[in-house]
Amino acid sequence: MVVSRFLRLLALIGACIALSGTIGPAQAQDGRGRALPTCVLRDSGAMDPAELIRHPERFDCTTPQYKLGAGDFWAITGPVDVVSTVEKPLRINFASLWQRQLSARLLYADGSIHTYRTDARGITPLIQLGALAALPVPPSKAKVVRILWHVEGAANVRGILLGAELSDAQRNAATNLAMAVLYACFGGMCLALIVYNFSLWCAMRYRFQLHYCVLLAVLMGYALSSSGAMAWLYPNIVNNDRLRFNYLFLGLAGGATALFTLSFFEMKIRSRRLDQYTRMIAAAVPISGLIVFLFGAINLRLADMVYTLAILGLISIVVPTLWQAWRQGSHFLWLFSIAWSAPIVLALMRILANLHLLPWSFWLDNSTVVSMMFEALVSALAVAYRIKSLREERDEAITREVLARRLADTDPLTGLLNRRAFLAQALGRPGEQQLLIVDIDHFKRVNETLGHDGGDEVLRLFARTLRTATPADALVARIGGEEFALLTNTAAPIDLDPLLSKLRQTRMPFDLKVTASIGACTGLLADDRDWKALYRAADIALFEAKSAGRDRARARREAA
């Protein structure tokens with residue numbers, strides 16, 4: 001049942017990804033979905049927008065945007081040459097980047113210019129799910145020729161204006177639907193796993209369960225900020241603040257990941273140096289996210305570089321951890337490798353994009369949640385497998401403890417209580433007790449006849465008869481070589497003659513006839529002094545039985 005649910009969830013995730021793939025950047029027949037090349041120009045402070053939009057040759061189309069540094073910029077798209085109508089309104093999609101304000105001027109073929117300017121919130125009102133901004137193009141009979149952007153306060157860590165492309169309302173709605181399904185699946189899965197694992201933690205108190213819950217909670221916060229849903233839930237939030245939360249949550253997720261890795265594996269694979277390094281990274285990654293959150297507005301490029309290096313440190317934990325797990329033969333190596341394969345690969349790709357070795361991609365930006373979903377699912381299986389292993393280890397330890405106690409309390413030959421365990425359970429029993437001392441007659445002859453192995457077998461058979469012939473709550477012990485003790489409450493006494501008869505009838509090796517003598521006594525057993533008096537009286541009765549010819553019983557009352 002669990003496996004079928006897991007497979008259905010994977011199928012749903014696959015459907016979401018397939019749906020998102022149908023609305024990718026492939027160019028449609030009417031031009032919608034077409035990427036718009038963008039050229040930039042640093043703002044010198046006294047530039048006429050109407051003049052700039054008609055002279056795109058003044059813009060730099062060759063220098064990578066991130067090399068121009070932070071500041072204010074103008075950006076212009078290549079030819080648009082499409083019509084936005086009331087029936088099919090167009091959108092201009094572009095990436096959400098760190099910037100204070102943005103304005104757009106749309107030049108139409110009839111010479112008119114439409115201007116859009118953001119307020120103090122930045123591009124928050126334009127944010128769609130997937131953290132892609134969508135600028136509506138006002139309907140007009142004239143074609144849109146090109147678009148001029150004015151970006152103020154650009155940190156320019158990744159670029160100034162990235163991912164500009166044509167779209168329409170229907171395509172954007174489909175994208176939002178796909179992203180909503182994807183992030184809803186992720187959020188629901190995280191919530192269910194948090195409730196389940198927190199309940200287990202309350203009962204079992206394994207640290208890795210709590211670390212896993214913290215990791216999932218932080219990932220939900222990251223999904224909320226990175227998906228753009230935070231801008232929908234809090235329309236007045238400044239977009240740069242949403243990006244700061246994005247850094248913060250991802251940094252906290254990195255720290256929680258390091259702690260989960262540290263506590264998940266068995267102690268045998270954890271070296272002192274690896275533990276110290278993992279703890280250092282577990283602190284460094286959240287601190288780097290906090291640095292961006294608090295001081296990103298001062299110098300985001302520097303803060304982002306510190307953050308990127310911290311994430312690289314997080315990835316560097318993986319190799320020594322896997323090496324140690326492989327060397328020590330960890331049972332969880334394969335699960336850890338599978339769970340973290342996708343997040344590690346995508347994290348490396350994100351880092352390469354941060355270092356400008358890979359181009360910016362909308363799907364790469366949103367791939368994190370897919371890798372996190374995969375990691376969370378496999379980690380849930382890993383947690384269940386870890387708990388199973390811990391349960392087996394606990395059960396094995398309990399079994400060993402029970403066996404050790406049994407060996408400490410039990411005579412290894414007969415399986416009866418030994419003298420120490422017998423006294424521990426006998427002393428302090430309430431009420432008057434009946435003590436029987438049973439001794440095998442002429443046991444030396446038995447050993448001489450059958451040998452010591454045969455004598456041991458006689459002792460085992462004799463002990464079994466004593467155990468089956470006495471009440472269930474009676475104590476039966478071997479207290480000497482061929483001497484046994486039986487103790488029961490006088491409210492349910494043992495009949496001596498029937499017991500002797502059963503001992504005579506016990507079939508012994510080679511049909512050897514074996515008899516026993518019994519000495520019995522009744523009295524209290526409150527302490528060790530009572531035991532000595534009771535045992536002495538029973539021993540005297542046993543001597544009387546042997547003196548009378550053996551194979552008989554004698555009973556006495558303990559002397560005052």
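**Exercise 1. Find the strands that helix α13 lies across, and see what else packs on that sheet.**

Start with α13, residues 419-426 of this predicted model. This helix lies across β10, β11, β12 and β13 (516-525). Its direction is at about 155° to β11. Now look for α15: this helix packs on the sheet too, touching β10, β12, β13 and β14. The direction of α15 makes about 140° with that of β13.

**Exercise 2. Work out the strand order of the sheet and say why β11 and β14 each have a side without a neighbour.**

Trace the strands across: the order is β11-β12-β10-β13-β14. That makes an open sheet of five strands with mixed pairing. Next, check the ends. β11 (475-478) and β14 (553-557) are the edge strands and have a single partner strand each, so one side of each has no neighbour in the sheet. From one strand to the next, the twist averages 20°.

Then zoom in on one pair. β10 (residues 429-440) and β12 (residues 483-489) run antiparallel, joined by seven bridges. Pick Ile437 as an example: its bridge partner in β12 is Ala485.

**Exercise 3. Describe how α14 and α15 meet.**

First, the geometry. The axes of α14 (residues 443-469) and α15 (residues 496-505) come within 10 Å and cross at roughly 145°. The crossing is right-handed.

Second, the residues. From α14 come Phe462, Thr465, Leu466 and Ala469, and they meet Leu499, Lys502 and Leu503 of α15. Sort the residues of this contact and you get five nonpolar, one polar and one charged.

**Exercise 4. Decide whether Asn418 is buried or exposed, and list what it touches.**

Locate Asn418 in the loop between α12 and α13. Its relative accessibility is 16%, and the cut-off for buried is under 20%. Asn418 therefore counts as buried. Leaving out neighbours within four places in sequence, Asn418 is in contact with Ala408, Asp409, Thr410, Asp411, Ala477 and Arg478.

**Exercise 5. Explore the largest nonpolar core.**

Begin with its best-connected members: among its 59 residues, Phe186, Met189 and Tyr212 touch the most other members. Several helices supply at least two residues each, including α3 (169-204), α4 (207-226) and α12 (367-409).

Follow Tyr212 outward. Not counting residues up to four places away in sequence, Tyr212 touches Leu193, Asn197, Phe260, Ala376, Ser379, Ala380 and Val383.

Finally, look for another core apart from this one: it has 30 residues, among them Phe73, Ile92, Leu106 and Ala231. As background, nonpolar side chains tend to be buried together in soluble globular proteins.

Note on methods. Residues numbered from 1 in each chain as written. Predicted model: local features only at pLDDT ≥ 70, side-chain atom pairs only at ≥ 80, totals over all residues. Heavy atoms only, no water. Axes fitted to C-alpha atoms, helices over the stretch in contact; angles between N-to-C directions. Helix = DSSP H or I, 4+ residues; strand = E, 2+ residues; numbered from the N terminus. Left-handed = near helix turned anticlockwise from the far one by under 90°. Contact = heavy atoms within 4.5 Å. Nonpolar A, V, L, I, M, F, W, Y, C, P; charged D, E, K, R; others polar. Pairing = 2+ DSSP bridges. Core = buried A, V, L, I, M, F, W, Y, C linked by side-chain atoms within 4.5 Å. Buried < 20%, exposed > 50% of the residue type's maximum accessible area, 1.4 Å probe, protein only.
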